[in-house]
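Okay, thanks everyone, I'll keep this short. Let me put the structure up on the screen and then walk you through it.

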Amino acid sequence: MVLSEKLELAGGLGIVLAIILLVYHLLGVDTQFSYVFQHSSTDLALKFRFSALWQVRKGHF
């Protein structure tokens, strides 16, 4: 495996790990993080807490 392939794999795994951690904190409403504090709440149903992952995108590509 070439170095560039290893780095590509490491970067992809890093992105997946970051998304998993963000979803974990959104679902648990861990308000120590400002993104979670602004976009998640214990009043929200679980599906809406999960969808907060995409909430800020608002047309940004």
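Let's start at Leu26. If you ignore its neighbours within four places in sequence, Leu26 is in contact with Tyr35, Val36, Ser40, Arg49, Ala52 and Leu53. Before I go on, please keep in mind that this is a predicted model.

Some of those names come back when we look for the nonpolar core. Which residues make up the largest one? There are five of them: Val23, Leu26, Val36, Ala52 and Leu53.

Now let's zoom out. The protein has three helices and zero strands, so reading along the sequence you get the pattern α-α-α, given that helices and strands are taken as DSSP runs. For overall shape, the C-alpha trace spans about 50 × 25 × 20 Å along its principal axes. The radius of gyration is 15 Å, whereas a compact globule of 61 residues would have one near 10 Å. Buried residues make up 16% of the 61 residues. On contacts, take the ones with a separation of 6 or more: residues 24 or more positions apart account for 17% of those. And for the surface people, the protein exposes about 5,000 Å², with carbon and sulfur atoms supplying 67% of it.

Next stop, helix H1, which covers residues 3-28 and is where you'll find His25. Is His25 buried or exposed? His25 comes out at 17% relative accessibility, and the cut-off for buried is under 20%, so it counts as buried. Its side chain makes a polar contact with the side chain of Asp30, at 3.0 Å. Leaving aside neighbours within four places in sequence, His25 is in contact with Asp30 again, plus Phe33 and Val36. Val36 also belongs to that five-residue core I listed.

Then we step into the loop between H1 and helix H2, where H2 is 34-39, and here we meet Val29. Have a look at the backbone. Most residues other than glycine have a negative phi. Val29 isn't a glycine, and yet its phi is positive, about 50°. Val29 is buried too, because its relative accessibility is 13% and the limit is 20%.

On to the aromatics. How many aromatic pairs does a search of the whole structure find? One. That pair is Phe50 with Trp54: the ring centres are 5.5 Å apart and the planes sit at 75°, so we call it edge-to-face. As for solvent, Phe50 is partly exposed, with a relative accessible area of 39%. Trp54 also counts as partly exposed, at 48% relative accessibility.

Last one, Gln55. You'll find Gln55 in the segment after helix H3, which is 46-51. Gln55 has a relative accessible area of 40%, so it goes down as partly exposed. Not counting residues up to four places away in sequence, Gln55 touches Tyr35 and His39. Tyr35 was also one of the contacts of Leu26. And if you want a distance to check on your own screen, Gln55 and Ala10 are 27 Å apart in space, C-alpha to C-alpha, with their positions 45 residues apart in sequence.

That's my tour. Happy to rotate the view if anybody wants another look.

How values were computed
Residues numbered from 1 in each chain as written. Predicted model: local features only at pLDDT ≥ 70, side-chain atom pairs only at ≥ 80, totals over all residues. Heavy atoms only, no water. Phe/Tyr/Trp six-rings, centres within 6.5 Å; stacked < 30°, edge-to-face > 60°. Buried < 20%, exposed > 50% of the residue type's maximum accessible area, 1.4 Å probe, protein only. Helix = DSSP H or I, 4+ residues; strand = E, 2+ residues; numbered from the N terminus. Contact = heavy atoms within 4.5 Å. Core = buried A, V, L, I, M, F, W, Y, C linked by side-chain atoms within 4.5 Å. Rg over C-alpha atoms; globule rule 2.2 N^0.38 Å. Areas by Shrake-Rupley, 256 points an atom, 1.4 Å probe, with all protein chains shown as cover. Polar contact = N/O pair within 3.5 Å; in protein donor to acceptor, adjacent residues only side chain to side chain.
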